[in-house]
Every structure is written in structure tokens, then in C-alpha cells.
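These are my notebook entries on one structure, set down in the order in which I looked things up. I began with strand pairing and ended with the backbone.

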Amino acid sequence: MSTPLLEVQDLRVTFPARRRRPPARAVDGLDLTVQRGEIVALVGESGCGKSTLARVLVGLVKPTGGAVRYDGQPLSHRSAALKAHRRAVQLILQDPYSALNPRQTVYDAVAEGPRLHHLRSDLRDRVSESLSRAGLRPPEQFFGRYPFELSGGQQQRVVIASALALQPSMLVADEPVASLDASVRGEILALILRLREELGLSALVISHDLGLAWNIADRVAVMYLGRIVEQGKVEDVLQHPRHPYTRALLAVSPDADREAVPPLIAGEPPDPTAIPGGCRFHPRCPLREELAARGVDVSSCQTSDVALAPVDGVEVACRFADARAVQTASSATPPAQTSSG
Amino acid sequence: MLLEVNDLSVTYAAARPVHAVRGVSFTLDGGQTLGVAGESGSGKTTMALALLRLLPSAARIEGSVRFQGEELTTAKWGRMRAVRWDGASVVFQGAMGALNPVRTVGWQIREAIVQHDRGAKGIRGRIEELLESVGLPARRYEAYPHELSGGQRQRVMIAMALACRPDLIIADEPTTALDVIVQGQVLALLGELVRESGIGMIMISHDLSVLAETCASLAVMYAGEVVEHGPSRELVREPRHPYTAALAAAFPKIGDPASRLAPAGLGGDPPDASLVLPGCPFAPRCPVVMDECTSAEIELWNAGLERRSACLRVLGDAPETAAGTVTERSG
Amino acid sequence: MSATSAPLAHVTSVPGRSSRLRALVRMPGAVAGIAILVIVAAVAIGAPLFVHSYDLDVTKVNGPLLHAPTGAYPLGTDQSGRSELLLLAWGSRPSLLIGIIATALTMVLGTVIGLLAGHYQGIVGRLLMTVTDWFIVLPSLPLAIALSAVMGEGDTSITIAIAVTSWASTARLLRAQTLAVEARPFIERAKALGASNTQIMVRQVLPNVVPLILVSATLTVAGAILDQATLTFLGLGNPTEVSWGSMLNTAFANGDITAGAWWTLVPPGLAILVVVLGFSLTGRAVERVLNPRLAVER
């Protein structure tokens, strides 16, 4: 296989201590790869470090450890190299309205990137093409508009167009549809899929929503407290979740076909300033309780850390992932499809 | 009947009057839950706030809202205030801004009770009970809002809404700002409270699947009108209005091969609320539009057991109609 | 998939230059403010056409001394027999000139320091803010007096004195606004697009703080005209020059109040008030028009 487009190895980002609190380990030993033309969904709850990871990938946050390789080259924070990197990898933020400068017209917003990179020849054509690729047609009609004159979906298209204007090879989208209306959501996701088809764009889409992964991603990585706890092909991970945290996330993802089920895990979102020892999920782990009740020895969960290990074609960071094949079909997992089984 | 809404309309006075809500009718009984779905600008929040006349003065409310047999649209303001205190309460979406940052949680809940019932006894115990009923430890009485997480704050808001033992709760996007797992916890809590105490609940959201899970029946609003109404499970599984179908498809069911690598969306924008056009308001965006749609008189027709839909296609005799073809599932 | 080329809910024209001008004309406050400034500017520029040097020279005028308004002298005369009306017209020149130049200096200094302090939040920002705070707590009038005393009497020293004493509050204001703008996601997006520090400050932050600069400028210009009057009144200006401040100074020094000669005091006082009002009204209107959102809604 050729070199992956993006390769993250043992990435660590620690934010310094503030006000008598210990330092926050937002990203804590994370491995991730994105192949060319691949769409990867990164899923986790807020505070798991997924937004920090996005900012590392576009060079906005400097990692404290580990390596990020893009196209085989390590990500450099020297200004010339960083500028080139920022042309190739584009960031798309959650709320399109605040991601657009309210005093810039659509034309200026899309032309901003090319201007910053001194790509001034054919600027008008470049802007037109980016806008129509993003589904704003005819583009001339949008040139003079201000962000507040557009609907939420159109604003997000402008943000995407301004990323496309630099002809990137990868999009990093942080919750790209979370603040959009339900009816617009699918349109924007379909746009990302179409861009992959037409331009061969890769994308890392960050979300709290597993449904989004099902909609557009090839692979899904589930993140918990700064680390990936399960990753693999979308069909495998979402239909046969192995990590108890993935199962908990699936249990709360709304499904009209069933009664609301009480969430599998209680408690508050985890705190990156106090990452538990051993398996970082053990204090909230329903599986551990269940196994303990059945008399299984689960003491190692508290004492030794656990790394991603391959299990049936996916990678899981749970030492009981294998032993549980029997239970997977039961209880709170979503209705699995027989077709792919 | 706890709440009877009949032909409720809200118009904002302006150079071109904005018809935010156009002729909404429904009923709600104690212990029942109604979900109101729609995209932003569909009038769902305006409609809910109009029930308690919580709208700015530029809004003109027409039609009838009967709460426990009492007409609210014409009630005196003093009576209205009383209803807002102990009859019905609202849980808003922004739990961060709604709490006073320099007062303890307990103090704020106490305030809600004392203003209504000056001589109340054993308030502290009652508040601690309330906190526990929303899943917060009683010692949180002394906590300040900044010491709580978003989910805990939203629980406090629910406790405040319950403080005066209302008969009706209106929850406006109660979980949008919350995280997935916390959202699940809060929704489960609301559902449990309604079941146990027999209060009525109206929940507003743009997420059809959240509503379908928590509420027994659903009303889908588009351009200020209810376009489909019925028991939530059936409504989502077999929408009889193409707009409902689009909303239902927006949040895919994991494991459904039809939505794998195929996000479903709806093109176009909602219509201008200041225009009154003939025919179906959804026609310009409708994937299964017919010629008659732009001219025919549209109303909520019967569309099966306890179900109503404002789509011309339900009038035809083909049972699997418009919406059925849109969300057709394989297998 | 069909693209969203559907018509927008509200089709509005792009606020171009001409429509902004039209929006400005539709605001009564703006019209009044601009009218005041145009008239005052016309008077100041045209003054040499109808005011001659002998009208202002105490040795050459031959009017009645300290006389109440009459037909020949609509605003009366001063102690030396000069026409108050002509003095008022001539006095607008140094008042406006010093006010505007001092404001321009203040704005440039305040904006640059405010932007830098807001953008570089490390040691640079803290250092700049320390200096700014130091200037804020300095009592401005004594400082201006001391500066004029050191640099000698005259317009230049007054202008510099005004700028030095008023830039700090503008810098504070600009820093606060810069911090607010920098916290917004579009700044992060600009960085991710590859914008440098200077590009972020100039292309992203500056357009968003321009309204504040304008509002601040109108307040500063009003203050600067008052300061100019104050300093001249205190005798730190050019003693031979006629300005509104020096008119007040002369009237006060000659005891015109006790003499009941209101016409030597009220006109320059009112003139200062009206010009300040003109700047404030215009500033507020310009702020509204520059905001694309308000411009379209109007």
C-alpha cells in the first residue's frame, strides 16, 4: 500500500496547568491514519480531545509529543512549510456563521485563501469555480452577498468553497453539520461525498454523531479521553461494536424504532485533567461491572493500560473485546443488519 | 383535557406582516407527550411560546388556547402569571445563560417556589428532593452554576421547571447544547418524569429521531402549519407527508443499508413567512410534487388511524402514497 | 443532487457605495450632523474671503468697545472693538485644524497599539498595556500643560499634548475589541488558511474594529476641540492667534462676565458645542451605515 495521506503516531497535546488544576492531556497517545481519497469519521463526546486533534492537523496547535506525517513528510511548524501545509489541509468549523467574517462578502471570503497564498491570477474564475463546486450556482449571484443574508446551509457551502479555492487534498471538518437544520444536514454531507468523488478529496470528519459516520465515512475511529479506543470499517464497528464505550454511544444515538433506553453509562463527560490510571474508561465501564458481577477478574482494568489490538478486522482497546462476541448481538446494540453479517 | 389548541395563529406586525404560525390545532392530556418538529423558521418555537403568551408585543395571537378548560388567549395578565407559575413551565435550551451566576442553585430554585407560595414550609427538603429526582445529589443545593457541567445545569433547569408542580412542561430544544451521552440521560429523565407524575409535555426539536424516542405523538411543522400529526413511531416509520419523510431520513438509522454512504437532504429554503401563497407551501421543495399542489386548497386530511397529513397524495386511494416512495427501504 | 440555487428568502441588493450614501441621507440625525460639519467647514475654509487681517488687528479696528449686538455687529464687539462674528468665523480655523490633526494622531497611535496588544497576548501585549495604563492614570491636563510648557506655546505643542494624553483610552478600547474579535472562529479559519499575524490584524480584525475607531474618533475630536479650547483658555496656545478657546480666554480675562457682556462668551461656547454635536451625530450615522447588516435593513 502507498504511503497514507495523513499519519498520526503517538500524538500528545498537553495544555499547561491553570488555576491550581493539573495540566490537561487533551490528546494522549493517539494513532490515526487517513488514506488518499478516504473519509474517516472521528467520533467522541465533548472533552475527548477531538477538536484539539483537528487543530493539530491544520497546524494551529503545536503537539507536545508524537508525530504527524502528511504525504510522508513530518509536519513542520516553520512558517514556510506550515503555510504550504495549510494550503493542502483545510479546516471546516461547526458554526458557519461565526466562521465567516461578517464584514466580508462571499467573494472576499472565498478569495481570502488564494490572496493569502498569492494566487491572484484568474482569482475570479477560481472563486466562481469553488462556489459552484460547493453547490452555490450561479456563483456570480452570491459574490456580493454578506454571510447574514444567507441561510445556514448556504453559509456552510461558502466555508467549504473557501476551502476548495486553495485546491486542498484534505478537509478536516469539525462538526460540520451540528449547527445546521436537519433538512440541510444531508445536503452538506452529500456535498462532502461528492467532492471526494470529483476531486479525490480525503476528509477527516469529526462528530459526536455516529449516524454521520454511517452516512459518509469509510472508516470510523471512536475517541475517548485523548485516545482512539476502537477503529475500523464503518460497517464492522457500528454493527458489531466491541468496545463498551462504542456500545454506549450507539445506545444513546436516537432511533425512532425503539423506546428511549436508559444510557448504558452514567456520569459526566470525562475530565482530561484527571485521566484515570489503567484503562481510561474503567470508572464508567458497564462491561467491567457486568463481568465483575459474574465473577470475572477485572482487576487488571484498573492497574494496567490497554492499547489498540486487532480483533476480527477492527482495532479495539479493550482486554475483554474478544470474550464478548456472544453478548454483542444481545441487549443494547442497535438492530444489526443481517445483510452484512 | 389538559390543553386544547384550536386554530392558533401568530402574526408579527411589520411592514409586511410575518405569519409565523398559521392555524395550528391539537390537544394534549395529562401524561401525554407531544413532540413538535420542524426546521428553524418553521414556527415551532413561536407556537409553543404563544401558548403561554410569552411572545413580544408585536405578535398578534389568534385562535384559542384552553388550558384546563380556561381560555388563555384572552385571560387577564394576573391570571396568566399564575398559570405560568404553577400551571405550566418552560425549559429553554440555553441552560448556561438562564441561571444567575452569583447565586447557589438551591437559592434559585427556592426563589421560584417562594415567589409563588410565600408560606411554603420545609422548602429545603423539598428542593433536595427535587434535585434528587432530576438525578443530582442533594448536596448540590449549595453549588454555584459554574461548578456544574452543562448537563447538570440543564438538570437544574428541569428541577426549577418542576418546582411548582406544573401540569404542563414545554421543553424547547432541551438537549441541543448537550453532549450525546448527557443528552440521552436528560431525555430519559424527562420521559420518566412525565410517566411518573402524569404531567403533559410538549417538546420542541429539529431532530425527529430524538422526539420520536421521547414523545408518544408528533406534530411536524412547516412554514407555520402542522403538516403531519400522529403517533410518533408510525409517523417516522411511514411518513405520509414528504417533508416528514425528508426530516426522518436526515438522521439515519445505523445499520440501514439505504442510508449507507447516501446522506439524504432536502434542497431549497423554507418559504418567505410574509407571503400567503395558494396551494401547498412545501410544493417548491417537494420531491414528489404534482401539478395540483400549487393550486389546491390544502388542509390536514385523515391519513389513517389517529393520523393526519397535509399532503394531497393521502386523498388518492393508493395506500402507500407520496411519502412511502421517498423513504422506501430495501429489504 | 440539486444545488441550492433556489431564490433566497430575502433578495436584497448589495450595499454598494451609492446605496450607503442613500441610507445615510435617510437618517435625520446624519443629515443634521453632516450639515453642521459642512457649514462649519465652509466657514473655516472660506473665512479668509470675508475676514481681513485688519478686522482682527486690535490696533486697526474702529468699532465700539464691548458693545451689545447691533445691526452692524450682529454678535456685538469685544473689549478692543473687534466684531465677535468675524472673530467666531476666524476662530473656527485653529479649533478644527488642531482638533482633527490631534484626533488623527490619537487614532493612529491608539489603533496600532491596541491592535498589537490585543493580537500579541504574550509579553509584547502585556508590556504595551502596562505603558498604556501608565498613560491612562497620568492626569491629562497637568501633563498637557507640562508638555506645552516644555515644547513652548503654540499649536504644535497643543496638538501633540492632546494626542499624547488621549491615545491611551483609545488603545484600551481597541485592545478589548481586538480580543473579542480574535476569539471568534473566523480568525481561526483565517489562520488555518495560512494568514500571517499582520494579515490577520489588517485583513480580518481591522475591518471589524473600524466602527469602533470611527465612534471613538468622533468622541476624541469633540474632546480634542474642548482640550484645545481649554489649553488655549489657560494661555498655552499661540497668544496672537484667534481661536474659540482664546476668545473665551480673553473674555474671561477681561471680566466680561461681571460686565454682563454675554455676547463675548456665549457664541464661542455654543460654537464648540455645535461642532462637537456635529461630529457625534455624523460618527453614529457612519457607524450604522458601515455595518453591512444595518445598511441593508434600513
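**Entry 1. Strand pairing in chain B.** I looked first at strand β1 (residues 3-12) of chain B and found that 7 bridges join it to strand β2 (residues 18-28) of chain B, the two running antiparallel. Helices (H or I, at least four residues) and strands (E, at least two) are taken here as DSSP runs, numbered from the N terminus. Two strands count as a pair if DSSP finds at least two bridges between them. I noted that β1(B) and β2(B) form a hairpin with 5 residues between them. Within this pairing, B:E4 stands opposite B:T27 of β2(B). I then followed β1(B) to strand β4 (residues 59-67) of chain B, with which it pairs in the antiparallel sense over 8 bridges. There B:Y12 has B:A59 of β4(B) as its bridge partner.

**Entry 2. Provenance and confidence.** I recorded that this is a predicted model, in which local features need pLDDT of at least 70 and side-chain atom pairs count only at pLDDT 80 or more, while totals for chains, interfaces and linings use all residues. Residues are numbered from 1 along each chain as its sequence is written, and chains are lettered from A and ligands numbered from 1 in the order in which they are written. The average pLDDT (the predictor's confidence in each residue, from 0 to 100) of chain A is 85, and 90% of the residues score at least 70. Among the elements of chain A, I found the highest mean, 95, in strand β3 (residues 39-43) of chain A and the lowest, 44, in helix α13 (residues 325-328) of chain A. Over residues 325-341 of chain A, pLDDT stays under 50.

**Entry 3. Make-up of chain A.** I counted 13 helices and 12 strands in chain A. Of its 341 residues, 54% count as buried; the term requires 20 or more other C-beta atoms within 10 Å of the residue's own, against 12 or fewer for exposed and a value in between for partly exposed, with C-beta atoms placed from the backbone. An automatic or database assignment gives the domain bounds, and chain A is divided into domain 1 (6-224) and domain 2 (261-330). The contact between them takes 13 residues from domain 1 of chain A and 9 residues from domain 2 of chain A. Residues are in contact if their C-beta atoms, placed from the backbone, lie within 7 Å.

**Entry 4. Where chain A meets chain B.** I found that the contact takes 41 residues from chain A and 43 residues from chain B. On the chain A side, α7(A) gives the most, with 9 residues.

**Entry 5. Backbone exceptions.** Which peptide bond is cis, with omega near -10°? I located it from A:R137 to A:P138. A:P138 has its place in the loop between α5 (123-133) and α6 (152-164) of chain A. I also noted B:Q68, which is not a glycine yet has a positive phi of about 50°. B:Q68 is found in the loop between β4 and β5 (70-71) of chain B, and counts as partly exposed because it has 15 C-beta neighbours inside 10 Å. B:E306, likewise not a glycine, has a positive phi of about 60°. B:E306 lies in the loop between β11 (301-302) and β12 (308-309) of chain B. Why does B:E306 count as exposed? It has 12 C-beta neighbours inside 10 Å.

Definitions and conventions. Two residues are in contact if their C-beta atoms, placed from the backbone, lie within 7 Å.
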